[in-house]
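Here is a friendly walk through one interface and a few backbone details. Have the viewer open as you read.

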Amino acid sequence: MKSILRDTLSIREVTPLEALKKALDLSPKDLIEQIRESGLKGRGGAGFPTAVKWSLTAAAPGATKYLICNADEGEPGTFKDRDLLNHYADHVLTGMTMAGYAIGANSGILYLRQEYAFMRAMFEDEIQKRRQSSMLGANILGKSGFSFDITLRMGAGAYVCGEETALIESLEGNRGEPRNRPPFPVDTGYNDCPTSVNNVETLVWALCIIDKGAKWFKQYGTEKSPGLKLLSISGDCQKPGVYECAFGITVREMLEAVGAEDAKAVQIGGASGICVPAKEFGRKIAFEDISTGGSVITFGPNRDMLRVAKNFMEFFVEESCGQCTPCRVGNRKLLEGIEMLEKNECSIKYLKELKALGETMQIASKCGLGQTSPNAFLSIIEHFPHEIMGRHLS
Amino acid sequence: MLKTDFDRLRDQIESLARTYPKKRASLLPMLQEIQRVHGYISSHAMQVVADHLGIHPVEAYSVVTFYSFLNTAPKGRFVIRLCQTVSCDLKNKDAVARQLTNELGIEFGQITPDKRFSLEWTNCIGMCDMGPALLVNEQVFTHVTPTEVHAIIEGCRKVFGVHAQEIEKEHLI
């Protein structure tokens, strides 16, 4: 199959009003069935099948259900949701409405990160306009029995709130500390009601699928990762920006398209992702190979990879919620280790201990943050040992 | 704080509180509104909010101190937050940082003596394709060069001048 990487997004071809009409002509069950057929998986990074999440929420007992749009895009190097929110607000809000219809929710919450506060007034206006044009409120577009309203809630600067249970904690007025799972939000979510938390991009693709059909979506991608994905590409490349790709594209193809052929490494999946060295540029962007929520950061030939690793570890030390020990203490120890490497004070034996610590954090941390925070460090020490050991002292 | 000041603060917050449902989920929006109006959330404000919601004040404190955009002490009228994360780092955020400290005469984490500016680092603000990027309060500036730093700060200063006006929006995406 031909690889696709383009900067014109398919979403442009979808009219929100028309798509919503098509959605409301279907029964909620049939709507979810179409999403199931498309094979859409969550686009925030975790890749949980959207249709499963929706059908579990729809089937969970309870009269009150919630649809939450996760617009707390905090993964370093990710900005595709920013573009969707800023340029396709109508599509995002319609996607939320459609998802609300599918799961039987009357309330939707858009959780927008504080860093994107420059969009707040725009969203308040958009929501108000929709209430006046029967796109929100009672009996939406004349569909009797379907009422849905959207509330805008601002985050307050916490990366961990992108994790769905932490996000719910934050909405409930608590510290954004992830919960133990199970129970899952699909039955015990916001206010203990069944809740579906979906990434901005997931909702937008769901809208595209209902408008253009599951077959259209499935013609792209690989067997295990069907469909299209938005990538946020930044770093040392000539054409940074938001791109639409079909899953299965190789790292090399992607780099050639954005003018980064000379890259020595690429960080895929943000701070919680992995660092891919040049010798592995034949690998594919897909859930079964290199999974990503959309972040791609390229590093040119002269970049210092230890500096990169240090930047990531500083990030996690600040953003760990502090709830569980592997993450709270582990990230600090890894950062200290990097500082030792910087000063050329680290023995190979200790480096091995740090590696073991990182691997322990991957299995012992409570949530995705701690489980993925050592990834960048581990892949950098694995692929660039000559760069991080025996450094010249300045 | 004087008793009368405390009473005034309590009145203000209580009238604000009446516009929110009296439940725990209102805590964060209330704190954000207090932050917006007062520039910070004092321990008295936390006490009043906690009283209103029927929770222990330490609960309010634990929430305020968890989130990096809420603060327990006053900051400058303009809070400048420079993104320190990888993509902005690759685009030489250090040069912009240096110029900010040169122009403002303070280090990161400090407030200018006239209380007009705070200077801080922040983690990824999602402007990675347009780095280095910074926030001035809620406004975003992208592709910032050291030579532009002066203009950004002067733009802010206009607010304090005789012909006060909002800062120019040409850098806003």
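## The interface between chains A and B

About 3400 Å² is buried between chain A and chain B, with carbon and sulfur atoms giving 52% of that area; buried area is the accessible area (1.4 Å probe) that two parts lose on being put together, summed over both. This is a predicted model, in which local features need pLDDT of at least 70 and side-chain atom pairs pLDDT 80 or more, while totals for chains, interfaces and linings use all residues. Residues are numbered from 1 along each chain as its sequence is written, chains are lettered from A in the order in which they are written, and side-chain values use heavy atoms, without hydrogens and water.

In contact terms (heavy atoms within 4.5 Å), 50 residues of chain A meet 35 residues of chain B. The interface holds 4 salt bridges, a salt bridge being a side-chain nitrogen of Lys or Arg within 4 Å of a carboxyl oxygen of Asp or Glu. One of them pairs Arg82(A) with Asp129(B), at 3.1 Å from N to O.

## Backbone details

Two residues that are not glycines have a positive phi, Leu141(A) and Asn137(B). Both are partly exposed, that is, between 20% and 50% relative accessible area (1.4 Å probe, protein chains only).

| Residue | Phi | Relative accessible area |
|---|---|---|
| Leu141(A) | about 50° | 29% |
| Asn137(B) | about 50° | 27% |

Chain A also has a cis peptide bond from Arg181(A) to Pro182(A), with omega near -5°, and another from Pro182(A) to Pro183(A), with omega near 0°.
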